[in-house]
There are 2 protein chains.
Amino acid sequence: VAGLGLIGGSLALALRRAGHQVIGVDRAAVLRRARAAGALTGTARTVSGAATAADLVVLAAPPDVNLRLLEELAVGAPEARVTDVTSVKQPIVRLARRLRLRGFVGGHPMAGREQGGFGGADAQLFQGRPWILTPERTTDPAAVRAAERLARAVGARVVHRKAAEHDRAVARVSHLPQLVAWALADAAAGHQDLAGPAYREMTRLAASPPGLWAQILDQNAAEVEAAVRAFVRALRAHGRRGRR
Amino acid sequence: VAGLGLIGGSLALALRRAGHQVIGVDRAAVLRRARAAGALTGTARTVSGAATAADLVVLAAPPDVNLRLLEELAVGAPEARVTDVTSVKQPIVRLARRLRLRGFVGGHPMAGREQGGFGGADAQLFQGRPWILTPERTTDPAAVRAAERLARAVGARVVHRKAAEHDRAVARVSHLPQLVAWALADAAAGHQDLAGPAYREMTRLAASPPGLWAQILDQNAAEVEAAVRAFVRALRAHGRRGRR
């Protein structure tokens with residue numbers, strides 16, 4: 001597992017609980033913390049180094065870093081079975097195609113919370129949640145099976161989607177709500193003392209890590225833009241209906 | 001209490017629990033149901049009829065009906081102490097001023113839920129929530145004190161605001177979120193199978209009664225429009241930041 005933040009850390013904890021060996025790749029301080037929490041059975045300096053010993057490599061770093069790690073694997077371990085947990089699928093799937101990495105299968109567990117980093121990690125995070133896989137026609141079936149076993153081992157429900165369909169859907173059910181939460185918090189600044197539980201629920205996501213989100217929104221820019229346009233149209237229509 | 005829907009019904013239940021007498025005014029079927037639930041000690045055919053026997057009249061019908069009931073009181077019981085629970089304060093406060101009803105004080109308990117009608121009523125609904133009062137310079141102080149006692153009797157926290165400030169704030173923390181919930185549900189239609197808990201929280205309000213909301217949004221149209229504009233500006237700014 002390369003990247004032991006919220007998702008990678010939760011995955012490592014859940015895999016250990018299911019009896020699997022887990023090699024961690026991250027900064028030394030994070031590895032120490034993850035090891036102390038019982039999330040790891042080993043560590044490696046580089047993702048290529050870990051790949052030689054692993055049945056499956058999971059790229060769980062921020063979106064832009066995952067692209068770089070995939071390029072590193074194309075040089076250091078081109079035969080490895082690899083999946084990832086990036087929230088946007090087309091950029092990394094296209095890169096894998098260009099690098100001819102038949103052992104790569106795109107993945108995205110639909111689970112999260114506001115508290116990022118290993119500090120927010122939770123072995124139960126994936127329980128009952130959809131785990132999307134985006135195999136292509138040319139993907140090695142053994143890699144797909146390995147990614148499916150991974151998802152099921154941590155309690156998730158495997159869903160296959162085309163990468164483009166995935167990106168369209170998450171733009172609407174995940175990326176748009178994130179922008180909306182920030183914008184609602186802005187628009188209500190100074191009036192929150194009168195806010196009720198519904199408002200607080202609707203702005204809960206505003207606490208999510210902005211740096212990570214900038215990468216996600218950037219990688220899915222076209223679909224997010226289309227989602228924002230559809231949303232603003234619907235918003236104005238509902239506003240007009242209110243005024244009769 | 002005129003109107004035994006979610007708010008009026010919850011109020012009647014909470015007042016009874018606090019040992020007060022409650023006269024209900026509503027359609028016969030609603031009165032029967034409220035009576036069976038122990039929310040009432042008496043009923044009246046008209047709000048003016050109830051006013052003669054009551055220390056304080058609470059208008060808890062839909063926003064447009066409350067305006068009509070206030071006009072009825074101006075004729076049938078102009079000396080009554082009256083408050084209301086309408087989500088928009090300027091229209092009813094202006095009407096009271098025009099009708100020279102010094103016994104009227106505008107009110108708005110900041111509490112609610114999606115399930116409307118007496119079926120959703122809950123004696124705990126106001127517990128710890130802000131209850132906004134909007135007395136004017138000319139309002140009878142005895143009416144203000146009566147409204148304050150009412151709010152405190154059901155566990156709410158009294159907050160005084162100017163009607164215009166109230167309407168500006170609720171446009172942003174309540175009316176805008178309602179429009180946003182509808183628009184988010186529209187924009188994500190067909191993709192909800194991948195939605196997580198955050199999306200479900202953010203669209204929970206979409207189940208609120210549309211007829212009631214049309215009246216609220218209509219009565220607060222100018223502030224809601226300003227809130228939507230500020231929100232859309234913020235949304236686009238966050239979207240651009242995502243694309244760097």
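This is a short dialogue about reading a predicted model with chains A and B.

Biologist: Let's start with the two chains. How are two copies of a chain related?

Modeller: In general, a rotation about an axis and a shift along that axis relate two copies of a chain. Here, a turn of 180 degrees with a shift of 0.0 Å along the axis lays chain A on chain B, with an RMSD of 0.0 Å. The two copies are thus related as by a two-fold rotation axis. In chain A, Met202(A) has the C-alpha nearest that axis, 2.4 Å from it.

Biologist: And through which surface do the copies meet?

Modeller: They meet through the same surface, because 100% of the interface residues of chain A are also interface residues in chain B.

Biologist: Now a pair of helices. At what angle do the axes of α5(B) and α7(B) cross?

Modeller: Helix α5 (residues 90-98) and helix α7 (residues 163-187) of chain B cross at roughly 160 degrees, and their axes come within 9 Å. Angles over 145 degrees count as roughly antiparallel, so that is how α5(B) and α7(B) lie to each other. Their crossing is left-handed.

Biologist: Which residues meet there?

Modeller: Gln90(B), Pro91(B) and Val93(B) from α5(B) meet Ala163(B), Ala164(B) and Asp167(B) from α7(B). By class, this contact has 4 nonpolar, 1 polar and 1 charged residues.

Biologist: One last residue: is Ala50(A) buried or exposed?

Modeller: Buried means under 20% relative accessible area, so Ala50(A), at 9%, counts as buried. Ala50(A) sits in helix α3 (residues 47-53) of chain A. Beyond its neighbours within four places in sequence, Ala50(A) is in contact with Ile23(A), Val25(A) and Ala44(A).

Terms used: Residues are numbered from 1 along each chain as its sequence is written. Chains are lettered from A and ligands numbered from 1 in the order in which they are written. This is a predicted model: local features need pLDDT of at least 70, side-chain atom pairs count only at pLDDT 80 or more; totals for chains, interfaces and linings use all residues. Side-chain values use heavy atoms; hydrogens and water are left out. Axes are lines fitted to C-alpha atoms, for helices over the stretch in contact, and angles run from 0 to 180 degrees between N-to-C directions. Helices (H or I, at least four residues) and strands (E, at least two) are DSSP runs, numbered from the N terminus. Angles under 35 degrees count as roughly parallel, over 145 as roughly antiparallel, 65 to 115 as roughly perpendicular and the rest as oblique. A crossing is left-handed if the near helix is turned anticlockwise from the far one by less than a right angle, and right-handed if clockwise. Contact means heavy atoms within 4.5 Å. Ala, Val, Leu, Ile, Met, Phe, Trp, Tyr, Cys and Pro count as nonpolar, Asp, Glu, Lys and Arg as charged, and the others, Gly among them, as polar. Buried means under 20% relative accessible area, exposed over 50%, partly exposed in between (1.4 Å probe, protein chains only). Copies are superposed by least squares on the C-alpha atoms of residues with pLDDT of at least 70 in both.
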